[in-house]
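The following note is offered to a colleague who will work with the coordinates. The points are numbered for ease of reply.

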Amino acid sequence: MIRRILPLVAGLLWAGSAFAADYSLLNVSYDPTRELYADFNKAFAAAYQKETGKTVEIKQSHGGSGSQARAVIDGLQADVVTLALAYDVDAVAAKGLIAPDWQKRLPQNAAPYTSTIVFLVRKGNPKGIKDWDDLIKPGVAVITPNPKTSGGARWNYLAAWGYAQKKFGSADKAKKFVADLYQNVPVLDTGARGSTVTFVERGVGDVLLAWENEAFLAQREFGKDKFEIVSPPLSILAEPPLAIVDAVADKKGTRAIAEAYLKYWYTREGQEIAARNSYRPRDPEIAKEYEKSFAKVELFTIDDVFGGWTKAQKEHFAEGGIFDQIYKN
Amino acid sequence: MSLQSNLASSTTQVRAYAPTADLNVVSPPSQREKVRPHTAASKRDLRTEPRPIRFLIVALALIFLTVFVVLPLVVVFASAFSRGVTAYFVALTEPEALSAIWLTLLIAAISVSLNLIFGVIAAWAISKFDFAGKTFLITLIDLPFSVSPVISGLVFVLLFGAQGFFGPWLQAHNIHILFAVPGIALATIFVTFPFVARALIPLMQEQGTQEEEAAVSLGASGLQTFFRVTLPNIKWGLLYGVLLCNARAMGEFGAVSVVSGHIRNETNTMPLLVEILYNEYQFVASFAIASLLAMLALITLVVKTILERRLDEGQMVSDD
């Protein structure tokens, strides 16, 4: 009996301790980037080994952007964070784990890939959804996660608000529009991936407000014959930022490699990986190459319309903020 | 040896009533039937409900069981094998799956063995001694049953998190508890603590202290008494507790989810990996892992039934 079990245990031990690399990084990321970072980590490890001869193992942790930031604050030993929005990185920075000027340390607001918010509808677009206005029509069920817990949901909310403010010209009318929109939401999941599963797997709702990359992924996984992507003419420029967690990297002595890891995003290879995973690349050359993959959408930034994340967070999503007011009524 | 044979008689006395009690339950109605004259009405068995009602009740129970227990099980296995046997085993031998299986076994081994020791000590203290605060101790042991697992996890975040009570000290000494194996083990121990103690307390209370007193009066030391008198008496109950403890330790989701940090290949247990794979549209892989957990549940059920029978039969067989 023991003779039979021992090899099994040894095998499991091996599996547990395998891949001992020269360096090890922990990247704490948000929900929909699983596939993106699976690709990117492999490419980076190969490139790094080619350049330096050292092997590097990148460990990943995924979850709701807000709760991931919380875990890092509570002591999750992340060398880098790659979250859904700057506000969550700011929350970690506020505890002194990341330098306050983190967003200036890397080009383009420390967001080498961007995305936007699009609509995923069922085959043939039976409700005829083309623009934000169609979402507040009676009888249209909209699926979006809870902006209190999900980063993607906050981008959804702000995209709708930005559209309405530009169209109607006043904050009051924008508030009314967003309130009407959330009247049409039958269920608020806690995270972006949860909402996708609700829409795609459980068949709830007529339209899913989703990250563009998430919509493409769902289409790839389940087939173009089941879902269509509708890009509204106007949407928000979502910039998911990266940062080194200074306190952890300095303690573990991994700052140099963590820097190399994040900078790899700005190389040609990194930008191509982003584009292949349906994130919009920043590099104009690569963007041109993948032009056909992404619909032409007029994009506004959070700084333009809301005056930055800190302000938007306080006004809209804080306790008693505008979201609380409209979702109660 | 003399110690054992001395004890044998007392055990037989305690246990002997069980078979007769069973006989008593069966015999009176059959006697009653003999006395009664055979009328048309009495042809209907008075011991039970009329046939249609019996049928209805059994059918309802069966439908309920089918919908809520059998069907989900079938779905788990059907989904796991939906792309064939090869895909199933490929999914189970992925590094991520192996790491989750290994971590789950490790956590179960740690938490079950520690809870075995704690549980026996706690049950021993409660059933063999009288002391102030005993009821309070029993309530405390039951606490993990009544607390939501998420809260159980958060407690450890508040204690060992970087912003928590011991956090700064642990950080300064570079000790990692949260988001690592110790944290997951702690949360699991907390959640599964009551199982062993709860299985032993009624058993040990029923057995009383006479046998131990007899052993001590015959000159046995404390440890001798424990290993040669108490332990043989409680071994089936102990196994029963260990079994349930193990099932819960391997299946725990909520508390572990809070303290895990979800680091791939490192701090994901099987239940956590099931959710992760499901959310990544890897349904076969997700249900393959889920099927392992379901098999664990089925094995637990079978062994539990055997152990319950052993417990009912008493320990006469094992005592000699």
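1. Strand 5 and strand 8 of chain A run antiparallel and are joined by four bridges. Within this pairing, Val121(A) has Glu228(A) of strand 8 as its bridge partner. The model under discussion is a predicted one, and the remarks below should be read accordingly.

2. The pairing just described belongs to an open sheet of four strands in chain A, in the order 6-7-5-8 and with mixed pairing. Strand 6 (142-143) and strand 8 (227-230) of chain A form the edges, each of them pairing on one side only. As a general matter, strands of a sheet pair through backbone hydrogen bonds, in either the parallel or the antiparallel sense.

3. On its other side, strand 5 (residues 117-122) of chain A pairs with strand 7 of chain A, in the antiparallel sense and over five bridges. Two positions illustrate the register: Val118(A) has Ala210(A) in strand 7 as its bridge partner, and Val121(A) stands opposite Val207(A). Val121(A) is thus a convenient reference point, since Glu228(A) in strand 8 is also a bridge partner of Val121(A).

4. Which sense does the pairing of strand 6 with strand 7 of chain A take, parallel or antiparallel? Strand 6 and strand 7 (residues 207-211) of chain A pair in the parallel sense, over two bridges. Val142(A) stands opposite Val207(A), and Ile143(A) stands opposite Leu208(A). Val207(A) therefore deserves attention when the register is inspected, as Val121(A) of strand 5 also stands opposite Val207(A).5. How far are the two inner strands enclosed? In strand 7 of chain A, five of the five residues are buried, so the strand is largely enclosed by the rest of the structure. Strand 5 of chain A is likewise largely enclosed, because five of its six residues are buried.

6. In chain B, the axes of helix 5 and helix 9 (residues 181-207) come within 7 Å and cross at roughly 40 degrees. The crossing of helix 5 with helix 9 of chain B is right-handed. The residues of this contact divide into 19 nonpolar, seven polar and one charged.

7. The contact between the chains takes 20 residues from chain A and 24 residues from chain B. On the side of chain B that touches chain A, helix 5 (95-128) and helix 8 (167-172) each supply at least two residues. Helix 5 of chain B gives the most to that side, with six residues. By class, the side of chain B that touches chain A has 11 nonpolar, 10 polar and three charged residues.

8. As to confidence, the predictor gives the complex an ipTM of 0.81 and a pTM of 0.80. Chain B has a mean pLDDT of 83, and 83% of its residues reach 70 or more. Over residues 1-37 of chain B, however, pLDDT stays under 50, and the model has 21 contacts beyond four places in sequence for them. The pLDDT is also below 50 over residues 316-320 of chain B, a stretch with nine contacts in the model beyond near neighbours in sequence.

Technical notes: Residues are numbered from 1 along each chain as its sequence is written. Chains are lettered from A and ligands numbered from 1 in the order in which they are written. This is a predicted model: local features need pLDDT of at least 70, side-chain atom pairs count only at pLDDT 80 or more; totals for chains, interfaces and linings use all residues. Two residues are in contact if their C-beta atoms, placed from the backbone, lie within 7 Å. Ala, Val, Leu, Ile, Met, Phe, Trp, Tyr, Cys and Pro count as nonpolar, Asp, Glu, Lys and Arg as charged, and the others, Gly among them, as polar. Two strands pair if DSSP finds at least two bridges between them. A residue is buried if 20 or more other C-beta atoms lie within 10 Å of its own, exposed if 12 or fewer, and partly exposed in between; C-beta atoms are placed from the backbone. Axes are lines fitted to C-alpha atoms, for helices over the stretch in contact, and angles run from 0 to 180 degrees between N-to-C directions. A crossing is left-handed if the near helix is turned anticlockwise from the far one by less than a right angle, and right-handed if clockwise. pLDDT is the predictor's confidence in each residue, from 0 to 100.
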